[in-house]
Amino acid sequence: MAKLLIVDDELKIREVVREYAVINGHSIDEASDGISAISMIEKTNYDCVILDIMLPGLDGFSVLKEIRKIKQTSVIMLSARQEEYDKLHGFEIGADDYVVKPFSPKELMARVKAVIDRKGVKTSNFKHLGLVVDYDGRTVSIDGVKANLTPKEIELLIYMVKNKNIALSRAKIMEEVWKYDYMGDDRTVDTHVKMLRHNLGKYRDLVVTVRGMGYKFEI
């Protein structure tokens, strides 16, 4: 799981990248101009920024220069131009990769993985604002403080996070979290969700009730 930022003034490009990022298990924020992108990068630690060169106002090269003043986040440049100068200039000022439009979304996601792996960024964590879920370590932290969750609550949260924005029935949650051999009922799920919400504090509203069905983790 990686946290990505796509910076492009074309809505369709952002929508396509978001779709494939979600398919690959990533979360994504969007910006349509360079000024907004810089502000977001100052506030959030992204694993990779996908940055278009041709932006209104501040162009992608200028944005990259500003990024490099404050962070070493991986940056992939996007451009409709194939000139060698643009590629060389991008690399000279700190780009990690360069992709020419039109591009294959699958290839872009492969490049995202490659630049993240090169920098040794672990993608076994889910991050959203101050909420961090460590899949491998089976821990949850809120604003840097370890949350007091039971093992089953952590397992429930991990399952919901890995299926974020998908409505999950109580039966499906029982099947996946409690497994087939557990003879329980819907109240078991409801009780654990109630406890989980309580322990998530200000992030409790990310666990949404789907009326007549179950729950989903929504961001």
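Start with helix 3 and helix 4, which cross in a right-handed sense. This is a predicted model. Select residues 60-70 to see helix 3, then residues 84-92 for helix 4. The two helices pack at an angle of about 15°, and their axes lie 10 Å apart. Angles under 35 degrees count as roughly parallel, so helix 3 is roughly parallel to helix 4.

Now show side chains at this contact. On helix 3, pick F61, L64 and K65. Facing them on helix 4 are D86, H89 and G90. By class, the contact has two nonpolar, two polar and two charged residues.

**The open sheet**

Switch to the strands. Five of them form an open sheet, with parallel pairing. Read across it in the order 2-1-3-4-5. Which strands stand at the edges? Select 27-31 for strand 2 and 97-100 for strand 5. Each has a single partner strand, so one side of each is left without a neighbour in the sheet. Look along the sheet for its twist, which averages 20° from one strand to the next.

Next, highlight residues 3-7 and 48-52. These are strand 1 and strand 3, which run parallel and are joined by four bridges. Pick I6 in this pair; I50 in strand 3 stands opposite.

**Helices on the sheet**

Return to helix 4, this time with the sheet visible. Helix 4 packs on the sheet and touches strand 4 (74-79) and strand 5. Its direction makes about 150° with that of strand 5.

Then select residues 105-118. This is helix 5, which also packs on the sheet. Which strands does helix 5 touch? The contacts are with strand 1, strand 3, strand 4 and strand 5. The direction of helix 5 makes about 150° with that of strand 4.

**Two hairpins**

Move on to residues 125-128, strand 6, and 131-134, strand 7. They pair in the antiparallel sense over four bridges. H128 stands opposite L131 in strand 7. Two residues lie between the strands of this hairpin, and L129 takes a positive phi near 55°.

Stay on strand 7 and compare its faces. L131 and V133 make up the covered face. V132 and D134 make up the uncovered one.

Last stop: add residues 139-142, strand 8. Strand 7 and strand 8 also pair in the antiparallel sense, over four bridges. V132 stands opposite S141 in strand 8. This hairpin has four residues between its strands. Finish on R138 in the turn, where phi is positive, about 55°.

Notes:
Residues are numbered from 1 along each chain as its sequence is written. This is a predicted model: local features need pLDDT of at least 70, side-chain atom pairs count only at pLDDT 80 or more; totals for chains, interfaces and linings use all residues. Side-chain values use heavy atoms; hydrogens and water are left out. Two strands pair if DSSP finds at least two bridges between them. Axes are lines fitted to C-alpha atoms, for helices over the stretch in contact, and angles run from 0 to 180 degrees between N-to-C directions. Contact means heavy atoms within 4.5 Å. Angles under 35 degrees count as roughly parallel, over 145 as roughly antiparallel, 65 to 115 as roughly perpendicular and the rest as oblique. A crossing is left-handed if the near helix is turned anticlockwise from the far one by less than a right angle, and right-handed if clockwise. Ala, Val, Leu, Ile, Met, Phe, Trp, Tyr, Cys and Pro count as nonpolar, Asp, Glu, Lys and Arg as charged, and the others, Gly among them, as polar. Buried means under 20% relative accessible area, exposed over 50%, partly exposed in between (1.4 Å probe, protein chains only).
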